[in-house]
Amino acid sequence: VEELATLENAPEPTQSDCANLPDWIAQIAQADLEDGFNATATALSMRAPVDLRVNTAKTNVGAAQNALAAEDILTEPVDGVSTALRVTQNPRRVGGSKAFANGLVELQDAASQAVIAMLNLQPNARVLDFCAGGGGKSLAMAGTMPSARIDAWDISAARLAPLEERAKRAGAKVKLLSAQPRASHYDLVLVDAPCSGSGSWRRNPEGKWRLTQDRLTELQEIQASVLEQAAACTKAGGTLVYATCSIFTRENRAQVDAFLAQNPAFDVLKDHSFAVDAPGDGFYCAVLQNNSGV
């Protein structure tokens, strides 16, 4: 009886309760997303799909599907992302499959692939993946434009180390840099900046509870710093790309606007916010051009 009385007198759940988010994060997300808040919160509470990137330097989507199906791994194309397959049956078999071992496919979220599709990669372009991490975007760029000369660097050598074996499996030419690049001779510099990871919290749900306001502020400072450092590597007439897997404006367009205010030689060519589940994780990408000396 006491338990029933407690339930009957329980307060109405708050918006953050319904969204399964800490109060302060729910307030930021509501202000940033407005009418899209509820849909985003719902999507972040769902299980994330397993997406694959077809390595078009080695195969095509249809052939990759057939190779996976031969091992009872069923997939379907992802609308709007020409290189992406979504696993619909036996996702745990992917890592041990021949298609994976032979470099036909890589695990990569569809939105991350869509970011690469926004880039106008040119033959023989000199490209720098400035915050490369495990190198997923380096490999995607190499798959899209095999003749591009791609350098990959990350402040953490341990995060970058697996890229050597991944590139070998994919048949991709990616050079791992041991020191931070500083020369301004790159045609395209990609900054996949450290961020809250809020767009991928359905893969890492504990992240929303571990994030603090101080850490979010620190991340914004890091983002501003790496964007400035990457800009210094972009040659005149070259392209600087800023990306995060965040849904927060302060990590996305607000960072770009602050950078532009300090670097008037750069202009935005295009930017886009990918909503969670449209087509994959929540992502943001801005493509900027360095007009200095042009």
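The largest nonpolar core of this predicted model holds 38 residues. Leu 119, Val 127, Met 141, Val 174 and Leu 188 touch the most other members. Both helices and strands feed this core. The helices that give two or more residues are H7 (110-117), H8 and H10 (163-170). The strands that do so are E3 (81-89), E6 (149-152), E8 (186-192), E9 (234-244) and E11 (283-290). H7 gives the most, with 5 residues. In soluble globular proteins, nonpolar side chains tend to be buried together.

Val 127 shows what the surroundings of one such residue look like. Leaving aside residues up to four places away in sequence, Val 127 touches Leu 121, Met 141 and Ala 148. Its contacts also include Arg 149, Ile 150 and Asp 151. Tyr 186 and Leu 188 complete the list. Two of these partners, Met 141 and Leu 188, are among the residues that touch the most other core members. Apart from this core lies another, of 23 residues. Trp 153, Leu 227, Ala 230 and Val 256 are among its members.

Phe 130 comes next. This residue lies in the loop between strand E5 (126-129) and H8. Is Phe 130 buried or exposed? Its relative accessibility is 0%, so Phe 130 counts as buried. Its contacts, not counting residues up to four places away in sequence, include Trp 153 and Ala 230. Those two residues belong to the core of 23 residues. Phe 130 also touches Asp 154, Gln 180 and Pro 181. Further partners are Val 189, Leu 190 and Val 191. Val 226, Gln 229 and Cys 233 are in contact with Phe 130 as well. Pro 146 is 16 residues from Phe 130 along the chain, and their C-alpha atoms are separated by 19 Å.

Strand E3 offers another buried position, Val 87. At 11% relative accessibility, Val 87 falls under the 20% cut-off and therefore counts as buried. Val 87 touches Val 50, Leu 52, Ile 73, Leu 74, Thr 75 and Val 94, with residues up to four places away in sequence left out. Gly 133 lies 46 residues from Val 87 in sequence and 24 Å from it in space, C-alpha to C-alpha.

Now to the helices at lower residue numbers. In helix H3 (residues 23-33), Trp 24, Ile 25, Ala 26, Ile 28 and Ala 29 are buried. Glu 34 follows H3 and has a positive phi, near 50 degrees. In helix H4 (residues 37-44), the buried residues are Phe 37, Thr 40, Ala 41, Ala 43 and Leu 44. Why do they line one face of the helix? Seen down the axis of H4, they fall within an arc of 165 degrees, so they line one face. An α-helix has 3.6 residues a turn, so residues three or four places apart point the same way. The face of H4 turned away from the buried side carries the exposed residues Asn 38 and Ala 39.

The largest pocket has a volume of about 1100 Å³. Its lining counts 42 residues. Which of them lie nearest its centre? They are Asp 192, Ala 193, Pro 194, Cys 195 and Cys 245. Helices H8 (136-144), H11 (207-210) and H12 (213-231) each supply at least two lining residues. H12 gives the most, with 5 residues. H8 thus has a part in both places: this helix gives two or more residues to the largest core and at least two to the lining of the largest pocket. By type, the lining divides into 18 nonpolar, 13 polar and 11 charged residues.

Some backbone details remain. Most residues other than glycine have a negative phi, and most peptide bonds are trans. Asn 90 has a positive phi, near 65 degrees. It is found in the loop between E3 and helix H6 (98-101), and is partly exposed, with a relative accessible area of 23%. Asn 124 also has a positive phi, of about 65 degrees. Asn 124 sits in the loop between H7 and E5, and counts as partly exposed at 48% relative accessibility. A cis peptide bond joins Ala 278 and Pro 279, with omega about 10 degrees. Pro 279 lies in the loop between strand E10 (266-274) and E11.

Technical notes. Residues are numbered from 1 along each chain as its sequence is written. This is a predicted model: local features need pLDDT of at least 70, side-chain atom pairs count only at pLDDT 80 or more; totals for chains, interfaces and linings use all residues. Side-chain values use heavy atoms; hydrogens and water are left out. On a 1 Å grid over the protein atoms alone, a cavity is a set of points where a 1.4 Å probe fits but cannot get out, and a pocket is an open set with protein on both sides within 12 Å along at least five of seven lines; lining residues have an atom within 4 Å of a point. Grid points are joined across faces, edges and corners, and a volume is the space filled by probe spheres set on the points. Helices (H or I, at least four residues) and strands (E, at least two) are DSSP runs, numbered from the N terminus. Ala, Val, Leu, Ile, Met, Phe, Trp, Tyr, Cys and Pro count as nonpolar, Asp, Glu, Lys and Arg as charged, and the others, Gly among them, as polar. A nonpolar core is a set of buried Ala, Val, Leu, Ile, Met, Phe, Trp, Tyr and Cys residues joined through side-chain atoms within 4.5 Å. Buried means under 20% relative accessible area, exposed over 50%, partly exposed in between (1.4 Å probe, protein chains only). Contact means heavy atoms within 4.5 Å. The arc is that of the directions from the helix axis to the C-beta atoms.
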